[in-house]
Amino acid sequence: RERRRREKREVKEMKSKKWFFDLTVYKKTIARFWPLWAAYFVIWLIFLPLQGLMYLRMDANDLNGFGGSYMESFARYTVASRAGNETILMLAMLFGVLGAMAVFSHLYNARSANLFGSLPIRREGLFVSHYLAGLSFTIVPNLAIFLLTLLVEGLGGYVYMDGLLFWLAVTCGECFFFYTLAVFCGMFTGHILALPAFYGIFNVLAYGVYFLVETVFRKFYYGFTGFSSASSGVVAWLTPIVRLGRRTATDLWVTEDGCRIFGLENVAVYVAAAVVLAAGSFFLYRARRLESAGDVVSVKCMRPVFQYGVAFCAGLALGMFTTAFLNGEEPT
């Protein structure tokens with residue numbers, strides 16, 4: 001009897017472990033939304049490895065007697081240019097929001113939200129499992145494309161690791177940021193169609209408000225020519241598509257002595273911001289009410305902010321539209 005009492009006392013005193021990851025939820029999410037990450041993989045497969053195979057075949061045929069110059073050009077310039085143009089930015093923005101809409105789609109339907117809420121898994125485990133699943137939609141294909149491109153360059157006899165690593169760093173960094181931003185926006189709404197709307201607005205909000213306020217000041221304040229360059233620089237940082245969309249934001253210059261890499265610090269800043277946004281999304285998910293499924297704004301304390309913010313921006317925009325429609329003149 002004493003032994004049984006001791007065992008019961010030990011069972012009561014045992015602390016339950018907190019699991020922050022569930023492998024079953026992760027694998028089910030990956031399998032359920034496989035067309036999404038498969039489409040992303042195929043797009044980059046066409047852009048890099050298959051294009052490299054085309055150059056490899058051209059070198060094998062040696063039509064012009066250049067002796068491997070096609071493969072050298074692909075390894076030294078084509079791969080790096082993919083990281084410096086708008087291809088990465090557009091794909092990261094598009095598949096970031098699509099991934100967030102897919103893996104957290106259960107939050108926007110009352111039946112699905114209640115189903116996941118009834119599972120014997122802590123909310124922390126549900127968030128981390130779904131978040132990592134969505135992040136894998138782009139990060140894992142990026143690693144696969146990196147290895148395939150490296151293999152193609154190896155077959156061609158010219159491996160330029162600096163360009164490949166530069167492409168991988170920029171691609172993974174931007175995918176991580178835009179996906180996390182979409183997840184963060186998704187925590188403020190209970191409607192799946194409101195998520196891409198919030199995501200698009202937050203991407204251009206700083207630049208839009210800056211442009212509207214500057215336009216109003218130019219109309220009503222004599223002698224005003226614009227804000228300082230420092231303020232425009234801050235606005236550019238707060239508008240990722242503007243900062244990362246510039247040609248000089250991320251670049252790799254290939255020279256005879258090696259290469260010069262520019263702009264990785266820009267990507268690093270947004271990666272650090274994504275870590276903060278991921279932590280914020282984690283706590284918002286924990287405090288989220290399941291009954292908010294279907295609401296446009298799921299966080300009650302943020303509803304006045306959205307209402308007054310929309311009213312402020314709409315007032316400025318409609319005022320500028322009216323002024324432009326009347327050619328700057330007062331109505332008679």
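Seven residues form one aromatic cluster here: F104, F127, Y131, Y179, F282, F283 and Y285. Keep in mind that this is a predicted model. The structure holds 25 aromatic pairs. One of them is F127 with Y285, a tilted pair with ring centres 5.5 Å apart and 50° between the planes. F127 belongs to helix α8 and Y285 to helix α13, so this pair ties together parts that are 158 residues apart in sequence. Are these two residues buried or exposed? Both F127 and Y285 are buried.

Another tilted pair is Y210 with F227, at 5.4 Å centre to centre and with 40° between the planes. Y210 sits in helix α10, residues 194-220, while F227 sits in the loop between α10 and α11. The two residues are 17 apart, and the pair links distant parts of the chain. Here the burial is mixed. Y210 has a relative accessible area of 16%, and the limit for buried is under 20%, so Y210 counts as buried. F227, with a relative accessible area of 32%, is partly exposed.

One more aromatic ring, this time with a charged neighbour. R243 lies over the face of W237, and the distance to the ring centre is 4.1 Å.

Now the charged pairs. Side chains of opposite charge can pair when their charged atoms come close. How many salt bridges are there? The count comes to four. I will go through three, starting with those of E124.

E124 forms a salt bridge with R286, and the closest N and O atoms are 3.2 Å apart. E124 is in helix α8, which covers residues 123-156, and R286 is in helix α13, residues 264-287, so this pair ties together parts that are 162 residues apart in sequence. You will recall that F127 and Y285 also lie in α8 and α13. E124 meets R122 in a salt bridge as well, at 3.4 Å from N to O.

How accessible are these residues? E124 has 6% relative accessibility and counts as buried. Its two partners are not buried: R122 is partly exposed at 37%, and R286 is partly exposed with a relative accessible area of 42%.

The third bridge is between the side chains of D295 and R303, at 3.6 Å from N to O. D295 has 26% relative accessibility, which makes this residue partly exposed. R303 is also partly exposed, with a relative accessible area of 29%. Returning to E124, salt bridges that share partners join R122, E124 and R286 into one network.

Last item, helix α10, where we already met Y210. Where is the kink in α10? The kink is centred on L205 and amounts to about 55°. Which residues of α10 are buried? They are A194, L195, F198, Y199, N203, Y210, L212, E214 and V216. What do the buried residues of α10 pack against? Their partners are α6 (86-103), α9 (161-186), α11, α12 (240-243) and α14 (303-325). R243, the residue over the face of W237, falls within the range given for α12. R303, which bridges to D295, falls within the range given for α14.

To go back over the main points: an aromatic cluster includes F127 and Y285, a salt-bridge network joins R122, E124 and R286, and α10 has a kink centred on L205.

Terms used
Residues numbered from 1 in each chain as written. Predicted model: local features only at pLDDT ≥ 70, side-chain atom pairs only at ≥ 80, totals over all residues. Heavy atoms only, no water. Buried < 20%, exposed > 50% of the residue type's maximum accessible area, 1.4 Å probe, protein only. Helix = DSSP H or I, 4+ residues; strand = E, 2+ residues; numbered from the N terminus. Phe/Tyr/Trp six-rings, centres within 6.5 Å; stacked < 30°, edge-to-face > 60°. Lys NZ or Arg CZ within 6 Å of the ring centre and 35° of its normal. Bend = angle between axes of the 7 residues up to and from the residue. Contact = heavy atoms within 4.5 Å.
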